[in-house]
Amino acid sequence: MGNGVLENLYHVAIAVNNLNEVEKIYETALGLKVAHREVVEDQKVSTSMLVPKDGGTAIELLEPTSEDSPISKFLEKRGEGIHHICYKVDDLESVLARLKEQGVRLIDETPREGAYNSRVAFIHPKAMNGVLIELAELKDN
Ligand code: ZN
C-alpha cells in the first residue's frame, strides 16, 4: 500500500452508438461475457464491462445517455472507437501525487466516483501523446 505505481491494464474503453448491439457483436465474435452494466450519472454514460472467459483485461463499452455527455462529443468528432485505456492502481492518491510532482497534466487532480465501485482519475491526453488514460482504484480488492 501507499506506492505510486500502476498495476495491470484493467480495461480498454470503446465509445459506441448502441451499447446493446455492440455487446452482441463482441460476445458472439470475440467470446467475451458481460460482467457488469452500469449507468454513471456523473459522466452521462451507460457502461458495459465485457471480460474474456479466463479473466484478464476487459473491454468497457460506453454509450452516451445524453447529448451533452463527453461521449456524445467524442462520437460527433471522431466516431466510434477507442476512447481511453485504464490501469488499475493500488493507491490512487499516491499515483496522483507523484504525477503532480512530475508536472504531468491531469484532468482530475483528485479522485472521483467511477463505475464498478471504483474511484478514478484521468490523465490529460495531451500529456500522454494523444491517449486518454484512466487510473482506477477498486474498492473491493
Ligand atoms: Zn474506463
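Ala, Val, Leu, Ile, Met, Phe, Trp, Tyr, Cys and Pro count here as nonpolar, Asp, Glu, Lys and Arg as charged, and the others, Gly among them, as polar. The model is predicted, so that local features need pLDDT of at least 70 and side-chain atom pairs count only at pLDDT 80 or more, while totals for chains, interfaces and linings use all residues. Residues are numbered from 1 along each chain as its sequence is written, and side-chain values use heavy atoms, with hydrogens and water left out.

**Exercise 1. Describe the second largest pocket and its lining.**

Solution. A pocket is an open set of points on a 1 Å grid over the protein atoms alone, where a 1.4 Å probe fits and protein lies on both sides within 12 Å along at least five of seven lines; lining residues have an atom within 4 Å of a point. Grid points are joined across faces, edges and corners, and the volume is the space filled by probe spheres set on the points. For the second largest pocket this gives about 260 Å³. Of its 17 lining residues, Tyr10, Met49, Val51, Lys88 and Leu138 are the closest to the centre. By class, the lining holds 8 nonpolar, 7 polar and 2 charged residues.

**Exercise 2. Describe the largest pocket in the same steps.**

Solution. The volume of the largest pocket is about 700 Å³. Among the 32 residues that line it, Ile71, His83, His84, Phe122 and Leu132 are the closest to its centre. The largest share of this lining, 6 residues, is supplied by α2, where helices (H or I, at least four residues) and strands (E, at least two) are DSSP runs numbered from the N terminus. The lining divides into 17 nonpolar, 8 polar and 7 charged residues.

**Exercise 3. Trace the sheet and find which strands stand at its edges.**

Solution. Two strands pair if DSSP finds at least two bridges between them. The open sheet of 8 strands then has the order β2-β3-β4-β1-β5-β8-β7-β6, with mixed pairing. Since β2 and β6 each have a single partner strand, they stand at the edges, and one side of each is left without a neighbour in the sheet.

**Exercise 4. Work out how β1 and β5 are joined to their partners.**

Solution. On one side, β1 runs parallel to β4, with 5 bridges between them, and alanine 15 has leucine 62 of β4 as its bridge partner. Towards β5, β1 runs antiparallel, with 7 bridges, and here leucine 9 is partnered by tyrosine 87. Finally, β5 and β8 run parallel and are joined by 4 bridges, with cysteine 86 opposite glutamate 134 in β8.
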